[in-house]
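Reader: I have the sequence and the coordinates open in front of me. Could we go through them together, beginning with one of the helices?

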Amino acid sequence: VLLEDVEGALWKQWMFEVEGFRIARTAVPPLDRLVVAVDPAVTTTDTADLTAFTVAGRSYPLEQMYGDRRPRGYVLHAEQDRHTPTAAMRRAAALYHEHQADCVVIEANNGGDYLPALLTEVDPTVPCRVVHATRGKRARAAPVAMLYEQSRISHAGPPRTFAVLEEQMTTYVGASEAEEKSPDLLDSCVWALTDLFLDASVPGPPSQPTDGRLTGRR
């Protein structure tokens, strides 16, 4: 348990304590878009980084609340483990089907450009988007941290599901890799929410938010 904020960290403890941040999965509204984001490990040795997966969705309010019609984000699942590339793509495909996602978002830096083809080989029914990091981790994470600061993101489900993710968020300060372990789960969450909120090439709000195809998706 962190008793005080880490100096330089983008996420603060109060962001996880505001009303409406922690909700039950059953309280998630119909989502217009949902993605599975993968931050893959470069190697599979015993000391390699972990492969991380985050499932997150976006919903547009059907009614104005205090005049705010901005979309809200819901992080539904977060996990990390040591996988071979094939096992990682199988897990991504499984999460895609389990959560009825729209696509899998894969970071393809550091030699990971073959992963989309591997995902297609593992399960050709799973669409994917490939993203490349053009900025450092902290620079990528800052706009996502602002969404949390604006209380526009909720974590939906048991708190233990997000314990590691939230620890990485509140302790990562953007130091060099020699000084600070790579926050793999944070990275996958950043990719997911960037795809949903910050990437101009991704579809925007639905023209009819009450589209029946969205009913019941959690």
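Author: Let us begin with H3, bearing in mind that this is a predicted model. The buried residues of H3 are Arg 140, Ala 141, Val 144, Ala 145, Leu 147 and Tyr 148.

Reader: And what covers the buried residues of H3?

Author: The cover includes two strands, S4 and S5, together with strand S7, which runs over 153-156, and the helices H4 and H5.

Reader: How many residues does H3 have, and how far does it reach?

Author: H3 has 13 residues, and the distance from its first C-alpha to its last is 18 Å, which is close to the 18 Å expected at 1.5 Å a residue.

Reader: Where is the kink in H3 centred?

Author: The kink is centred on Pro 143 and amounts to about 30°. Just after the helix there is another local feature to look at, since Ser 151 takes a positive phi of about 60° there.

Reader: Let's move to the packing. Which residues touch the most other members in the largest nonpolar core?

Author: That core has 33 residues, and those touching the most other members are Trp 11, Val 75, Tyr 148, Leu 165, Met 169 and Leu 193. The elements that give two or more residues to this core are the strands S2 (33-39), S3 (51-59), S4 (72-81) and S5 (103-107), along with the helices H3 (137-149), H4 (163-171) and H5 (184-198).

Reader: Which element gives the largest share of this core?

Author: H5 does, with nine residues.

Reader: What is Leu 193 in contact with, leaving aside its neighbours within four places in sequence?

Author: With those neighbours set aside, Leu 193 is in contact with Ala 56, Val 75, Val 144, Tyr 148, Ile 153 and Leu 198. Apart from the core just described there lies another one, of 24 residues, and its members include Val 36, Met 89, Val 126 and Ala 156.

Reader: Switching to charges, how many salt bridges does the structure hold?

Author: The structure holds eight salt bridges. In one of them the side chains of Arg 58 and Asp 32 meet, at 2.7 Å from N to O. Arg 58 belongs to strand S3, whereas Asp 32 sits in the loop between strand S1 (22-23) and S2, so this pair ties together parts that are 26 residues apart in sequence.

Reader: Are Arg 58 and Asp 32 buried or exposed?

Author: Arg 58 is buried, and Asp 32 is buried as well.

Reader: Then what about Arg 33 and Asp 195?

Author: Their side chains also meet in a salt bridge, with an N to O distance of 2.9 Å. This pair links distant parts of the chain, with Arg 33 in strand S2 and Asp 195 in helix H5, 162 residues apart. Both Arg 33 and Asp 195 are buried.

Reader: And Asp 195 with Arg 129, how far apart are the closest N and O atoms?

Author: In that salt bridge the closest N and O atoms are 2.7 Å apart. Because Asp 195 lies in helix H5 and Arg 129 in strand S6 (residues 128-131), the pair ties together parts that are 66 residues apart in sequence.

Reader: Why does Arg 129 count as partly exposed?

Author: Arg 129 has 23% relative accessibility, so it counts as partly exposed, given that this class lies between the 20% under which a residue is buried and the 50% over which a residue is exposed. Asp 195, with a relative accessible area of 3%, is buried. Salt bridges that share partners join Arg 33, Arg 129, Asp 195 and Asp 199 into one network.

Reader: Stepping back, what pattern does the chain follow along the sequence?

Author: The chain has five helices and seven strands, and read along the sequence they follow the pattern β-β-β-β-α-β-α-β-α-β-α-α. Buried residues make up 46% of the 218 residues, and among contacts between residues at least 6 apart in sequence, 74% join residues at least 24 apart.

Reader: One last spot: where is Arg 25?

Author: Arg 25 is in the loop between S1 and S2, and at 28% relative accessibility it counts as partly exposed. Arg 25 and Leu 76 are 51 residues apart in sequence, while their C-alpha atoms are 7.4 Å apart in space.

Definitions and conventions. Residues numbered from 1 in each chain as written. Predicted model: local features only at pLDDT ≥ 70, side-chain atom pairs only at ≥ 80, totals over all residues. Heavy atoms only, no water. Core = buried A, V, L, I, M, F, W, Y, C linked by side-chain atoms within 4.5 Å. Buried < 20%, exposed > 50% of the residue type's maximum accessible area, 1.4 Å probe, protein only. Helix = DSSP H or I, 4+ residues; strand = E, 2+ residues; numbered from the N terminus. Contact = heavy atoms within 4.5 Å. Expected span 1.5 Å × (residues − 1). Bend = angle between axes of the 7 residues up to and from the residue. Salt bridge = Lys/Arg side-chain N within 4 Å of Asp/Glu carboxyl O.
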